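Please open the structure in your viewer and keep the sequence panel beside it. The tour below proposes one selection after another and says what is found at each stop.

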Amino acid sequence: MYRLIYVIEGVHDNNYFIETETLEECISACMDAYNKNYQLFEIRKNDVLFYSSCDIYKIINKTYY
């Protein structure tokens, strides 16, 4: 189980997450959140840090640009 944690600026209690079964689904969720200008925080796998925000942005830039 992968969990993307992201932040919506200007929203009280602004930590949100999306859970997915596969890393590919999680990366897709990252792109959706990124396109909505949400701040991506981290990806956790089974509640253990898997990718930091820096890693996520590197993946987005490498994959889509």
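## First stop: Glu42

Begin by selecting Glu42, which has its place in strand S3, and bear in mind throughout that this is a predicted model. Is Glu42 buried or exposed? Its relative accessibility is 12%, and because buried means under 20%, Glu42 counts as buried. Now show its side chain together with that of Arg44, since the two side chains make a polar contact at 2.9 Å. If you then display the surroundings of Glu42, leaving aside neighbours within four places in sequence, you will find it in contact with Arg3, Leu4 and Ile5, with Leu49, Tyr51, Ser52 and Ser53, and with Ile56.

## Second stop: the strands around S1

Next select strand S1, residues 2–7, a mostly covered element in which 5 of the 6 residues are buried. S1 pairs with S3 in the antiparallel sense over 6 bridges, and within this pairing the bridge partner of Arg3 is Arg44 in S3, the residue whose side chain you have just seen in polar contact with Glu42. S1 also pairs with strand S2, residues 15–20, again in the antiparallel sense and over 6 bridges; to look at one position of this pairing, select Tyr2, which stands opposite Thr20 in S2.

## Third stop: the nonpolar core

Which residues have the most contacts inside the largest nonpolar core? Select Leu4, Cys30, Leu40, Ile43, Ile56 and Ile60, which hold that position in a core of 14 residues. Strand S1, helix H1 (23–35), strand S3 (39–45) and helix H2 (53–64) each supply at least two residues of this core, and H1 gives the most, with 6 residues. Centre the view on Cys30, which, when residues up to four places away in sequence are not counted, touches Leu4, Leu40, Ile43, Ile56 and Ile60.

## Last stop: the whole chain

Finally, clear the selection and colour the protein by secondary structure, which comprises 2 helices and 4 strands and follows the pattern β-β-α-β-β-α along the sequence. The C-alpha trace spans about 30 × 30 × 15 Å along its principal axes, and the radius of gyration is 11 Å, in agreement with the value near 11 Å that a compact globule of 65 residues would have. Of the 65 residues, 28% count as buried, while the accessible surface of the protein comes to about 4,500 Å², of which 50% belongs to carbon and sulfur atoms.

Notes
Residues are numbered from 1 along each chain as its sequence is written. This is a predicted model: local features need pLDDT of at least 70, side-chain atom pairs count only at pLDDT 80 or more; totals for chains, interfaces and linings use all residues. Side-chain values use heavy atoms; hydrogens and water are left out. A nonpolar core is a set of buried Ala, Val, Leu, Ile, Met, Phe, Trp, Tyr and Cys residues joined through side-chain atoms within 4.5 Å. Buried means under 20% relative accessible area, exposed over 50%, partly exposed in between (1.4 Å probe, protein chains only). Contact means heavy atoms within 4.5 Å. Two strands pair if DSSP finds at least two bridges between them. A polar contact is a pair of N or O atoms within 3.5 Å; within protein, one must be able to donate a hydrogen and the other to accept it, and residues adjacent in sequence count only if both atoms are side-chain atoms. The radius of gyration is taken over C-alpha atoms; the globule rule is 2.2 Å times the number of residues to the power 0.38. Accessible areas come from the Shrake-Rupley method with a 1.4 Å probe; for residues, only the protein chains shown count as cover.
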